[in-house]
Amino acid sequence: MRSTPQIEWTMAFQEDVAEVFHSLEYQYCSESQKNKLWEKLNRTQEKLTLFPGVGILLDDREYTRAYRRVRMGSTYYIFYEGDVFAEKVILHRLLAQARNYEVLIREAVAEYVDVD
């Protein structure tokens, strides 16, 4: 019998979640609004444990991982990868849809060339 994958948050994902809730504090959002967002995050995680392949596979040779993207509500995307062998879903980023996520989730190190 197949077990349910575990959810794992990367440090970047943890920082993104903290940033989102900090911005809600800054905007003086009510506790019910914050709780509603937290519930959306929990429902999305539950969906990913049941159906880890539900997200759209990102097709860009610059990505070093097989990222998938799933929408959380109408404002955010969660970028994740499913590790079938370790039976876990790794959440990498939580980004607002308006951000330039293509650049933010790439892991290549910038190279600078001296033009003397």
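Guide: A salt bridge is a side-chain nitrogen of Lys or Arg within 4 Å of a carboxyl oxygen of Asp or Glu. Keep that in mind as we look around this predicted model, where local features need pLDDT (the predictor's confidence in each residue, from 0 to 100) of at least 70, side-chain atom pairs count only at pLDDT 80 or more, and totals for chains, interfaces and linings use all residues. Residues are numbered from 1 along each chain as its sequence is written, and side-chain values use heavy atoms, with hydrogens and water left out.

Visitor: Why is the pair Asp16 and Arg93 called a salt bridge?

Guide: The closest N and O atoms of Asp16 and Arg93 are 2.6 Å apart. The limit is 4 Å, so the pair qualifies.

Visitor: What makes Asp16 buried?

Guide: Buried means under 20% relative accessible area, exposed over 50%, and partly exposed in between, using a 1.4 Å probe and protein chains only. Asp16 has 4%, so Asp16 is buried. Arg93 is buried too, at 16%.

Visitor: Which parts of the chain does the pair Asp16 and Arg93 link?

Guide: Asp16 sits in helix α1 and Arg93 in strand β5, 77 residues apart. Here helices (H or I, at least four residues) and strands (E, at least two) are DSSP runs, numbered from the N terminus.

Visitor: Why is Glu8 called partly exposed?

Guide: Glu8 has 33% relative accessibility, which falls between the 20% and 50% cut-offs, so Glu8 counts as partly exposed. The side chain of Glu8 meets that of Lys88 in a salt bridge, at 3.0 Å from N to O. Glu8 is in strand β1 and Lys88 in strand β5, so this pair ties together parts 80 residues apart in sequence.

Visitor: How do you know that the span of α2 is close to what is expected?

Guide: The expected span is 1.5 Å times one less than the number of residues. Helix α2 (residues 31-50) has 20 residues, for which 28 Å is expected, and α2 reaches 29 Å from its first C-alpha to its last.

Visitor: Why do the buried residues of α2 line one face of the helix?

Guide: Those residues are Lys34, Leu37, Leu41, Thr44, Gln45, Leu48 and Thr49. Seen down the axis, they fall within an arc of 140° (taken from the directions from the helix axis to the C-beta atoms), so they line one face. An α-helix has 3.6 residues a turn, so residues three or four places apart point the same way.

Visitor: What makes Lys34 buried?

Guide: Lys34 has a relative accessible area of 8%, under the 20% limit, so Lys34 is buried. Lys34 also forms a salt bridge with Glu25, with the closest N and O atoms 2.5 Å apart.
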